[in-house]
Amino acid sequence: MSDSQTGPKHVAIIMDGNGRWAQMKGKPRLFGHHAGAKRVKEIVRACPDVGVKYLTIFAFSTENWKRTQTEVSGLMSLFRRYITGEMKDLVAEGVRVRFIGDRPRLDAKLIKLMDGLEEATSKNDKVHLTIALNYGGRDEVARAVKEMARDAAAGKLDAETVDETTLAGYLDTRVLPDPDLVIRTSGEARISNFLLWQSAYSEYEFIDTLWPDFTKDVFADCIARYGVRDRRFGGVKI
């Protein structure tokens, strides 16, 4: 947890509004997703300037499979293209990439690219970029509990010793600090099943800006507003 007088070290973003942004311009929704992918690159590069070490972005939820086949296929193609096209720059710029979410439902080619990007950037430490792909907070907790049950049945885990720390160690994010700040773009004020466990004490920013319009200056403004918040984590100041 970050001190209230400093900026957030870990920022998580629900990147919402790509489709609406495109439709406002008379373009198909995938046009907005492509614009949003370009925005990710700008925000990752801006992280060191505002003191952000960890950036987690919500790219595709477990609920997004409900969208049209055209949009889902287009998004999967975009993810493959992003990994292939950005790998060289991510390695060169010191960005370590991790993916969280339930991988088995994704196609084999995409999973191979994800594994390759994680391996290629595994030595980097300038910015830690985590991409939530086929991710849902409830699904993550359910998978963690299932794994804990398996370990308990195998005698690897004593059920009587299970506490919050134990469960956190089974989550996709077990090697990451909890997010200090969660930002949602596009004017929607809900968390949409994103990092439910990890964001228990996170600060939230719900802003009207659509994701393709989320510039590094807008990002910096969010960071600045976080700096004046009084974070007590359930306690009181005497």
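The largest nonpolar core, a set of buried Ala, Val, Leu, Ile, Met, Phe, Trp, Tyr and Cys residues joined through side-chain atoms within 4.5 Å, has 40 residues, and those with the most contacts inside it are Val11, Ile13, Leu55, Leu129, Ile183, Phe214 and Phe219. Helix α3 (residues 69-92) gives this core its largest share, seven residues. A second, separate core of nine residues includes Ile14, Ile100, Ala132 and Tyr135. The model is predicted, so that local features need pLDDT of at least 70 and side-chain atom pairs count only at pLDDT 80 or more, while totals for chains, interfaces and linings use all residues. Residues are numbered from 1 along each chain as its sequence is written, and side-chain values use heavy atoms, with hydrogens and water left out.

Leu55, leaving aside its neighbours within four places in sequence, is in contact (heavy atoms within 4.5 Å) with residues including Val11, Ile13, Ile43, Val44 and Leu129.

Helix α5 (residues 137-153; helices are DSSP runs of H or I, at least four residues, numbered from the N terminus) has 17 residues and reaches 24 Å from its first C-alpha to its last, close to the 24 Å expected at 1.5 Å a residue, where the expected span is 1.5 Å times one less than the number of residues. Within α5, Gly137, Glu140, Ala144, Met148 and Asp151 are buried, meaning under 20% relative accessible area with a 1.4 Å probe and protein chains only, whereas exposed means over 50%. They lie on the same side of α5 because they cover an arc of only 70° around the axis, taken from the directions from the helix axis to the C-beta atoms. The face turned away from this buried side carries the exposed residues Arg138 and Ala153, and what covers the buried residues of α5 includes β4 (127-135) and α6 (164-168).

Methods
Helices (H or I, at least four residues) and strands (E, at least two) are DSSP runs, numbered from the N terminus.
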